[in-house]
Amino acid sequence: MWIEAIVMPREDSRPYRPSPPRDRRAVYSAGQHESLEFRATVLNFLQANQLMGAVKWVSEPGSLPMVMLRCQERVLDRLRKAPEFEAGQSLSLELQS
């Protein structure tokens with residue numbers, strides 16, 4: 001059975017300190033770069049753990065470090081156990097007319 005999973009980096013326990021104001025384009029560009037790197041990290045994890053056969057679809061990088069997967073439940077279980085990721089299942093909304 002295929003499920004949709006959301007994977008994000010696990011947050012550090014460092015206290016929050018606001019960053020200095022920056023140009024919006026620079027913030028967006030930095031977010032895209034971080035998203036691209038995070039997606040590569042997730043794909044490397046899946047390949048290293050031989051889980052790519054249980055993945056049907058991987059989202060493209062965006063402006064946030066987040067990856068969505070269409071995968072089997074065992075992939076989500078492995079991602080949840082990994083210390084570098086926060087992972088969960090997305091809710092599916094069944095619409096009826």
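These exercises walk through a predicted model, each with a worked solution.

Residues are numbered from 1 along each chain as its sequence is written, and side-chain values use heavy atoms, with hydrogens and water left out. Because the model is predicted, local features need pLDDT of at least 70 and side-chain atom pairs count only at pLDDT 80 or more, while totals for chains, interfaces and linings use all residues.

**Exercise 1. The aromatic pairs**

Find how the rings of Phe38 and Phe85 are arranged, then place Phe45.

Solution.
- Start with the count: the structure holds two aromatic pairs. Rings of Phe, Tyr and Trp (its six-membered ring) pair if their centres lie within 6.5 Å; planes under 30 degrees apart are stacked, over 60 edge-to-face, and the rest tilted.
- Take Phe38 and Phe85. Their ring centres are 5.8 Å apart and their planes stand at 75°, so this pair is edge-to-face.
- Locate them. Phe38 is in helix α1 (residues 24–48) and Phe85 in strand β4 (residues 85–89), so the pair ties together parts 47 residues apart in sequence. Helices (H or I, at least four residues) and strands (E, at least two) are DSSP runs, numbered from the N terminus.
- Now take Phe45 and Phe85. The centres are 5.3 Å apart and the planes at 80°, so this pair is edge-to-face. It links Phe45 in helix α1 to Phe85 in strand β4, 40 residues apart.
- Join the pairs: Phe38, Phe45 and Phe85 form one aromatic cluster.
- Check burial. Buried means under 20% relative accessible area, exposed over 50%, and partly exposed in between (1.4 Å probe, protein chains only). Phe45 has 14%, so Phe45 is buried. Phe85 has 1%, so Phe85 is buried. Phe38 is buried as well.

**Exercise 2. The partners of β1**

Find which strands pair with strand β1 (residues 2–9) and in which sense.

Solution.
- Apply the rule: two strands pair if DSSP finds at least two bridges between them.
- Look at β3. β1 and β3 pair in the antiparallel sense over six bridges. Ile3 stands opposite Cys71 in β3.
- Look at β4. Five bridges join it to β1, and the two run antiparallel. Ile6 has Gly88 as its bridge partner in β4.

**Exercise 3. Three residues, three settings**

Decide whether Ser59, Gln89 and Gln50 are buried, partly exposed or exposed.

Solution.
- Ser59 lies in the loop between β2 (55–58) and β3 (67–72). Its relative accessibility is 10%, so Ser59 is buried. Not counting residues up to four places away in sequence, Ser59 touches Arg39, Met66, Val67 and Met68. Contact means heavy atoms within 4.5 Å.
- Gln89 is in strand β4. Its relative accessibility is 41%, so Gln89 is partly exposed. Leaving aside neighbours within four places in sequence, its contacts are Ile3, Glu4, Ala5, Leu76 and Arg80. From Asp23, Gln89 is 66 residues away in sequence and 34 Å in space, C-alpha to C-alpha.
- Gln50 sits in the loop between α1 and β2. Its relative accessible area is 69%, so Gln50 is exposed. Gln50 is not a glycine, yet has a positive phi of about 50°.
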